[in-house]
Amino acid sequence: MAIKKFVVGNFTDEEVLFPAVKRVRSAGYKIHDVYTPFPIHGLDTALGLRQTSLHTAGFIYGITGTTTALCGISWVFDVDWLMNIGGKPHIPLPAMIPITFELTVLFAAVGMVYTFCWLCQIAPGVKKHVFNPRSTDDTFTMVIECTEHTNVEEVKAFLHTVGAADINVQEAEAGWWWGTYDKEQVLYKEELA
Amino acid sequence: MSLLKYESTLREPLVDGDKDYHQVSEDICRPIEVKPRKSWYVGLSIAVLLLLFGVYSIYRDVTYGIGQWNLNRTIGWGWDITNFVWWVGIGHAGTLISAILLLFRQGWRTGVNRAAEAMTIFAVMCAGQFPIWHMGRVWIAFFVMPYPNTRGPVWPNFNSPLLWDVFAISTYFTVSLLFWYSGLLPDLATLRDRAKTKFRKSFYGIASFGWSGSTKHWQRFEALALVLAGLSAPLVLSVHTIVSMDFATSVIPGWHTQIFPPYFVAGAIFSGFAMVQTLLVITRKVLGLEDYITIGHIEAMNKVIVMTGSIVGCAYLTELFIAWYSGNPYEYAAFYKYRIAGPYVWAYWTMMTCNVISPQLFWSAKLRRNIQFTFIMSVVVNIGMWFERFVIIVTSLYRDYLPSSWSTFYRPTIWEVGFFMGTIGLFFTCYFLFAKYFPVIAVAEIKAVLKTSGENYKRGMEKLEQESVDEFIHNNVSHEHGH
């Protein structure tokens, strides 16, 4: 993953950030990401991000749990160790419900959290480039990716007009990494040279 | 002001004082970043001492067997299962506050959910101890887990409520832990980015999983929180329902009643909220978080306490009525001869006083909003709820169907009490450490409600409410469309 160049605009208020996102996008700049200290409803839509499919994943995990429990219990009672308990039915469905329910919830929850970490590429010990340490405190940080056609000064000036309080340029590897840069990557500076 | 941020001023602010986003981080992270007070060390030491007493009690239990406890024929369950059910019940408020109130969009949960979730996890950890050590030969405790085994095959009995408990409690613990920790990630990232020392930077760096606050992350985070809440809400109800089935599927008079599941769930929420009150009243004072855990929060929880207390009261009276109405002599005897009267009469009436009569005082708004009174009540309710479980278990067991096996005397040994004290020590040790190293209030969630429910922002809403309709539409509605 290559190191890229980013123009970073910091906003102090989410009410300034919202129109700014729309204007930056309609001006044709590619917003790499917006970092906020808390979830801002509607920002994902404003950024043009698609809805997450995490719910669907959760549903599939849940169904897997249900199937595992029902199949497992019936297999134990009817195949592996056939038990006749007081002449009761071999598949005592009501008695299987509690464990089936618990396993459904367990599979769905564990699976979803794992998928969440996977999709967000977060895990214990992962380090990511922090564009602005205050974006987990009180600053809303908009990061615009530069290409070879980008005029950095122009982007900076544009960000200024849409209300960014503090603008700077950073070079960073903003993808997935375990705390070490990829040695064989082509650095942005070298790409330009 | 944006119309999106409008919230009626009839609602009390959720955050008091002049706060902005930075101030919120400052206030909540400060207790973690400064040296703890002397009272923290004193509290932790007492908790650790209790814990050690518990460890020694367990050591004796494992060495000499559970004959160390004063259980007998017919009282095969005593303090152990009483404590188990009590702790599981306490563990219910956290997920309830987090999940059910999240689904119902209750803004006031934001101030208290983190501490309550942590409490849940520690309480379930304590609860899990009792059935495990009650097995006696604890080294074969893994027998309860189903796995393709070399023992015959011998499988656990999936029809048994005690096995359902194993699944319910372990699922509940896992899901609560995931819910709590995934919610902690953004706040740990805040701590990481504020950290000054190297150790703190690396500790919170590892713990925050590399959270960056990206919009896409937040989007997934919210989806995750909502679905986990949707899963945990019925889970809370199922766990205590299953615990109640341990009793309700048996044939013991006083146990096999159909009212048990809802009655136990209400009782669990009742005692859980009481424990949240105990902890939060202390926490807000000691950590100086009165602006975030306001009287309004305390009052809201007291309202839940009076509601669930009344449900529990109703359940007690229903049990008495049905014991009489069913015409079942054993049931009648259990309630009218051995609970209302009999050698354990003091336990029954302690339960009635603490759980049914005293919470009714919370109908008075003045008392609901009184911190000292709330604190005392929270302890009273927890004592009452402990007695509820004791009454159900012991007063039903000590008089069997056969008068020849009646046992009139059961009193715990010091090691039984020691075990219980040990779990209280474990609970508070965990809570003290949590309060020192993790944010007790969800920083990001407070920020999300700050502009609608912060006191200084509400003043703006007051002005908005005084405007005439025409002015209001002109200033706000058209402005919103302009965006």
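Student: How far does helix α9 of chain B reach from its first C-alpha to its last?

Tutor: This is a predicted model: local features need pLDDT of at least 70, side-chain atom pairs count only at pLDDT 80 or more, and totals for chains, interfaces and linings use all residues. Residues are numbered from 1 along each chain as its sequence is written, chains are lettered from A and ligands numbered from 1 in the order in which they are written, and side-chain values use heavy atoms, leaving out hydrogens and water. Helices here are DSSP runs (H or I, at least four residues; strands are E, at least two), numbered from the N terminus, and the expected span is 1.5 Å times one less than the number of residues. For the 27 residues of α9(B), 260-286, that gives 39 Å, and the actual reach is close to it, at 38 Å.

Student: How many residues of α9(B) are buried?

Tutor: Buried means under 20% relative accessible area, exposed over 50%, and partly exposed in between (1.4 Å probe, protein chains only). On that scale α9(B) is mostly covered, and of its 27 residues the buried ones number 23.

Student: What is the area buried between chain B and chain A?

Tutor: Buried area is the accessible area (1.4 Å probe) that two parts lose on being put together, summed over both. The contact (heavy atoms within 4.5 Å) takes 54 residues from chain B and 61 from chain A. Carbon and sulfur atoms give 68% of the buried area, which comes to about 5200 Å².

Student: Which helix gives the largest share of the side of chain B that touches chain A?

Tutor: Chain B and chain A share 26 residue pairs in polar contact, both residues at pLDDT 80 or more; that means N or O atoms within 3.5 Å, where within protein one must be able to donate a hydrogen and the other to accept it, and residues adjacent in sequence count only if both atoms are side-chain atoms. Helices α1, α6, α7, α8 and α16 of chain B each supply at least two residues of that side. The largest share, 17 residues, comes from α8(B).

Student: Which residue of chain A forms a salt bridge with B:K451?

Tutor: A salt bridge needs a side-chain nitrogen of Lys or Arg within 4 Å of a carboxyl oxygen of Asp or Glu. Between chain B and chain A the count is 2. With the closest N and O atoms 2.9 Å apart, the partner of B:K451 is A:D13.

Student: How many residues apart are B:R459 and B:D18?

Tutor: These two form a salt bridge, with the closest N and O atoms 3.6 Å apart. B:R459 lies in helix α17 and B:D18 in the segment before α1 of chain B, at a separation in residues of 441.

Student: Is B:D187 buried or exposed?

Tutor: B:D187 forms a salt bridge with B:R114, with the closest N and O atoms 2.9 Å apart. That pair links helix α5 to helix α6 of chain B, 73 residues apart. B:R114 is at 2% relative accessibility, so it counts as buried. B:D187 has a relative accessible area of 1%, so it is buried.

Student: Why does B:F432 count as partly exposed?

Tutor: B:F432 lies in helix α15 of chain B. Beyond its neighbours within four places in sequence, its contacts are B:W40, B:G43, B:L44 and B:A47. It counts as partly exposed because its relative accessibility is 21%.
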